[in-house]
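Dear colleague,

I am handing over the structure we spoke of, and below it you will find what came out of going through it. Please read the notes with the model open beside them.

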Amino acid sequence: MSRAVLSIGSNLGDRLAHLRSVVDAMSPWLAGVSSVYSTAPWGGVPQQHYLNAVLLVEDPAADARDWLRRGQELEQAAGRVREVRWGARTLDVDVVWCAEHRPEGLRVCRSTDPTLTLPHPQAHNRAFVLLPWAEIEPDAVLEVLGSPSPVRELLAALDPAEREGVRLTELTLRRAAS
């Protein structure tokens with residue numbers, strides 16, 4: 001079984017619908033869904049604000065590459081185009097962290113493959129990842145340069161402007177029961 005943290009974001013089209021499409025598709029494996037946050041764009045490319053959230057997912061049959069494949073399939077279904085690094089996008093699904101349940105306990109997945117680097121190499125610098133992750137998993141730990149650190153401590157160490165740029169919205173990714 002694997003457990004993964006997925007960071008999802010959108011700043012083109014119906015942003016909330018794009019995020020909800022991920023929640024709907026991942027519903028068989030959802031273990032947690034954060035609130036929705038409005039976030040200034042990251043990376044210096046002028047564009048609209050993002051809606052961001054974090055999902056905690058678990059699947060006995062999946063590994064880190066399966067989470068990546070599922071995320072990329074959802075990006076393609078949303079019409080994601082990869083033209084500009086850190087540019088605007090209909091949907092972005094990043095595998096931030098993944099671990100496998102082993103008989104000896106939880107083993108964090110590590111990868112230096114450029115297609116899937118784990119843990120995500122920039123997650124510790126991004127309040128739009130850390131804040132929603134800490135919301136749904138308060139005791140989460142992220143390894144940074146080989147050293148495990150509580151996500152809440154990494155968040156507190158960020159520049160205050162970075163933290164303040166991530167604003168809680170009243171939007172929700174869970175659909176009301178009909």
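In this predicted model, the buried residues of helix H1 are Leu16, His18, Leu19, Arg20, Val22, Val23 and Met26, and these buried residues pack against E1, strand E2 (30–33), E4, H2 and E5. The length of the helix agrees with what its residue count would suggest, because 12 residues at 1.5 Å a residue should span 16 Å, and the end C-alpha atoms of H1 are 17 Å apart.

The largest nonpolar core has 28 residues, and those with the most contacts inside it are Leu6, Ile8, Val22, Met26, Leu55, Trp67 and Leu173. Two or more residues of this core come from each of strand E1 (2–10), helix H1 (15–26), E4, helix H2 (64–77), strand E5 (92–102) and strand E8 (116–118), with H1 giving the most, namely 5 residues. If you would like one residue from which to look around, valine 22 is in contact with Ile8, Leu55, Leu74, Leu91 and Val93, leaving aside its neighbours within four places in sequence. Apart from this core lies another, of 22 residues, among them Tyr37, Leu142, Val151 and Leu155.

Turning to charged pairs, the structure holds 9 salt bridges. One of them joins arginine 3 and glutamate 58, whose closest N and O atoms are 2.0 Å apart; since arginine 3 lies in strand E1 and glutamate 58 in strand E4, the pair ties together parts that are 55 residues apart in sequence. Arginine 3 counts as buried, because its relative accessibility is 18% and the limit for that class is under 20%, whereas glutamate 58, at 23%, counts as partly exposed. Arg3 and Glu58 also belong to a network of salt bridges that links them with Glu137.

Within helix H2, the side chains of aspartate 66 and arginine 69 meet in a salt bridge at 3.8 Å, N to O, and these two residues are 3 residues apart, about one turn of the helix. Arginine 69 counts as partly exposed, with a relative accessibility of 38%. A further salt bridge, at 3.3 Å from N to O, is formed by the side chains of arginine 89 and aspartate 92, and here both arginine 89 and aspartate 92 are buried.

Two polar residues may also be worth a look. Aspartate 59, found in strand E4 (residues 50–59), is buried, with a relative accessible area of 6%, and its side chain is joined to that of tryptophan 29 by a polar contact of 3.2 Å. Not counting residues up to four places away in sequence, aspartate 59 touches Met1, Ser2, Trp29, Trp67 and Arg70; of these, Trp67 is also one of the residues with the most contacts inside the largest nonpolar core.

Serine 111 is found in strand E7 (residues 111–113). Its side chain reaches the backbone oxygen of leucine 116 at 2.6 Å, and a polar atom of that side chain lies 3.2 Å from the backbone nitrogen of aspartate 113. With neighbours within four places in sequence left aside, serine 111 is in contact with Arg65, Leu116, Thr117 and Leu118.

With best regards

How values were computed
Residues are numbered from 1 along each chain as its sequence is written. This is a predicted model: local features need pLDDT of at least 70, side-chain atom pairs count only at pLDDT 80 or more; totals for chains, interfaces and linings use all residues. Side-chain values use heavy atoms; hydrogens and water are left out. Helices (H or I, at least four residues) and strands (E, at least two) are DSSP runs, numbered from the N terminus. Buried means under 20% relative accessible area, exposed over 50%, partly exposed in between (1.4 Å probe, protein chains only). A polar contact is a pair of N or O atoms within 3.5 Å; within protein, one must be able to donate a hydrogen and the other to accept it, and residues adjacent in sequence count only if both atoms are side-chain atoms. Contact means heavy atoms within 4.5 Å. A nonpolar core is a set of buried Ala, Val, Leu, Ile, Met, Phe, Trp, Tyr and Cys residues joined through side-chain atoms within 4.5 Å. The expected span of a helix is 1.5 Å times one less than its number of residues. A salt bridge is a side-chain nitrogen of Lys or Arg within 4 Å of a carboxyl oxygen of Asp or Glu.
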